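Colleague: Before I rely on the assignments in this model, I should like to hear the reasoning behind them. Would you take me through the values and the cut-offs that decide each one?

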Amino acid sequence: MSTVPEFWKELGESADFVCYEHQMNAGTLFIGYFKSLTEEEVLQQHILSCLSNHSDMSFEDLYHCVPVAEKEISSDWDLIESKIYRGYVAIQLGRQSHHCILINAAASKGRNVTIPEVEFTVEGPREAFVESLDVNLNLIRKRLPYPDLRVKELTVGSISKSRVAIIYIKGIANEQYLNTCIQRIKDVKFDQITDTTLLQQMIEDNSNSIFPQTIGTERADYVAWAVSSGQLCVMKDGSPTAFFAPVNLWSFFITYEDYYLPWIVGSLLRMIRVFAVLFSVYASSLYVAVMTYHGQGISNVFLPTIVSSRINVPFPPIVEVLIMELVIELLREAGARLPTKIGQTIGIVGGIVLGTAAVEAALTSNFLLIIVALSALASFTTPIFRMSATIRILRFPFIFAAQIWGLLGIFICTFALVAHLLRLTSLGMPYLVPIYPFRTSDLYDTVVRPPYSKFHHRFSFLRSPNPVRFDKKNANKKRDLKKRDIDE
């Protein structure tokens, strides 16, 4: 390595860096690359063979001779270094020259496109993102072959040098949201960005809130829908998930499979999810409040059943609820961290055994066991994992408030929650829109999923320069062939 140019010696300290000399009529060429990052076939057949067969060429002619599409000549060492770390081969003429030919020979190693693991669907496409940014962009462009689809690429992380892409449609995405997103990503000061989930937390409006302000997904069709609606999608090389913004609270209770089902079925499923979230948050706290302060409100029909189930339980309702909630959380974490088949077995067997044992040992009542189990199931109906985790955490402040003040404590927690949501934003857009600020025209795709004839406008809160999707006057007209036309 003593004969290589000075600024390559630092790279030569790595065992997988290769640098050697090649003699040509124009002078001595220094060729450097990381063998762990380059494709051996491209290197041997297209680059080294070209050097061997055209030794009489000049440096500029050699650049045009190499049969690789992605190549350039540069004298910027920062650019040369970053390209080498991405699998490029650098060719320099002479020790004193500052120009290098950079040829892309990056090895395309990684897993193939598979079905979604988290957002599994019965209806619709089954292509999920992988860890390659170029493959993920291909999945999006296949669904949006539109000339105004734009990809803005940035680099974040002082050590990781991660490629981050912002996908949007020019003329549909709002420029203010776009500039805000670009500026926040540029302002990220962190050395290692390993996944888009880290980037999500760093660019969100309020990083101290337990509510997510961006939606992560592994489905290309969901991203295509969001981008065509006027939202911005952010992807990172090495991450199999993307996220898009701005979003509102109601977006977290919508799964894209709703749009593949008849609108009545999709609307009913959304209503079930909203009811399930409310039940999961309030059920345990209402049990504590009623059993501690408001026993007179229990109907005479249920009173004997509840009293008989609690007659041998030595703990107050708050302790009883916390024990069961803790057991459910332990089972959930154990099932998530163990291998899939073992985790399912632990979840089912552990739930049955522990639930039965807790009732027989008089640690809890049958009635509370049913409530806690239903609350846990209800929290699973939220399609976005980060929001599902938020719903799980929200239950505990409500439970403690119910123990201290009863129903008044539940109302106080509700008001505090609503006040927090009113102040929350996503890329500057209000989190509770279209409820606050109230917009009647944007209520059509919240709890109820309307038929596609009602999707003639994009949401006004996205402030798209092109809010019209199609002409609504002709949306419901169906042109049927007359019998005379069929006969002809």
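**Reasoning behind the assignments**

Modeller: I begin with a pair of side chains in this predicted model: D205 and R184 meet in a salt bridge, at 2.7 Å from N to O. The two belong to distant parts of the chain, 21 residues apart, with D205 in the loop between α6 (196-203) and β8 (215-217) and R184 in helix α5 (residues 175-186).

Colleague: Why is the contact of D205 and R184 called a salt bridge?

Modeller: The definition asks for a side-chain nitrogen of Lys or Arg within 4 Å of a carboxyl oxygen of Asp or Glu. The N to O distance for D205 and R184 is 2.7 Å, and the pair therefore qualifies.

Colleague: What makes D205 and R184 partly exposed?

Modeller: Partly exposed covers the range between the 20% limit for buried and the 50% limit for exposed. D205 has a relative accessible area of 26%, and R184 has 24%, so both fall into that class.

Colleague: How do you know that E153 forms a salt bridge with R163?

Modeller: The closest N and O atoms of E153 and R163 are 3.0 Å apart, and the limit is 4 Å, so the criterion is met. This pair also links distant parts of the chain: E153 is in strand β6 (residues 149-156) and R163 in strand β7, 10 residues apart.

Colleague: Are E153 and R163 buried or partly exposed, and why?

Modeller: R163 has a relative accessible area of 16%, which is under 20%, and is therefore buried. E153, at 38%, lies between the two limits and so counts as partly exposed.

Colleague: What ties D258 to R273?

Modeller: A salt bridge does, with the closest N and O atoms 2.9 Å apart. Because D258 lies in the loop between β10 (242-245) and α8 (263-292) and R273 in helix α8, the pair ties together parts that are 15 residues apart in sequence. Both D258 and R273 are buried. Elsewhere, salt bridges that share partners join E325, E329, R332, R392 and R395 into one network. The whole structure contains 18 salt bridges.

Colleague: Why is A165 called buried?

Modeller: Its relative accessible area is 0%, and buried means under 20%, so A165 belongs in that class. A165 lies in strand β7 (residues 162-169). Leaving aside residues up to four places away in sequence, A165 touches L133, V151, K152, E153, C233, V234 and M235. E153, the salt-bridge partner of R163, is thus also among the contacts of A165.

Colleague: What makes the backbone at K161 and L427 worth noting?

Modeller: Most residues other than glycine have a negative phi. K161 is not a glycine, yet has a positive phi of about 50°; K161 lies in the loop between β6 and β7. Phi of L427 is near 55°, again a positive value in a residue other than glycine. L427 lies in the loop between β11 (425-426) and β12 and, at 7% relative accessibility, counts as buried because the limit is 20%.

Colleague: Which peptide bonds are cis, and what is omega at each?

Modeller: Most peptide bonds are trans. The bond from A245 to P246 is cis, with omega near -5°, and P246 is placed in the loop between β10 and α8. A cis peptide bond also joins V433 and P434, where omega is about 10°. P434 is found in the loop between β12 (429-430) and α15 (483-487).

Conventions. Residues are numbered from 1 along each chain as its sequence is written. This is a predicted model: local features need pLDDT of at least 70, side-chain atom pairs count only at pLDDT 80 or more; totals for chains, interfaces and linings use all residues. Side-chain values use heavy atoms; hydrogens and water are left out. Helices (H or I, at least four residues) and strands (E, at least two) are DSSP runs, numbered from the N terminus. Buried means under 20% relative accessible area, exposed over 50%, partly exposed in between (1.4 Å probe, protein chains only). Contact means heavy atoms within 4.5 Å.
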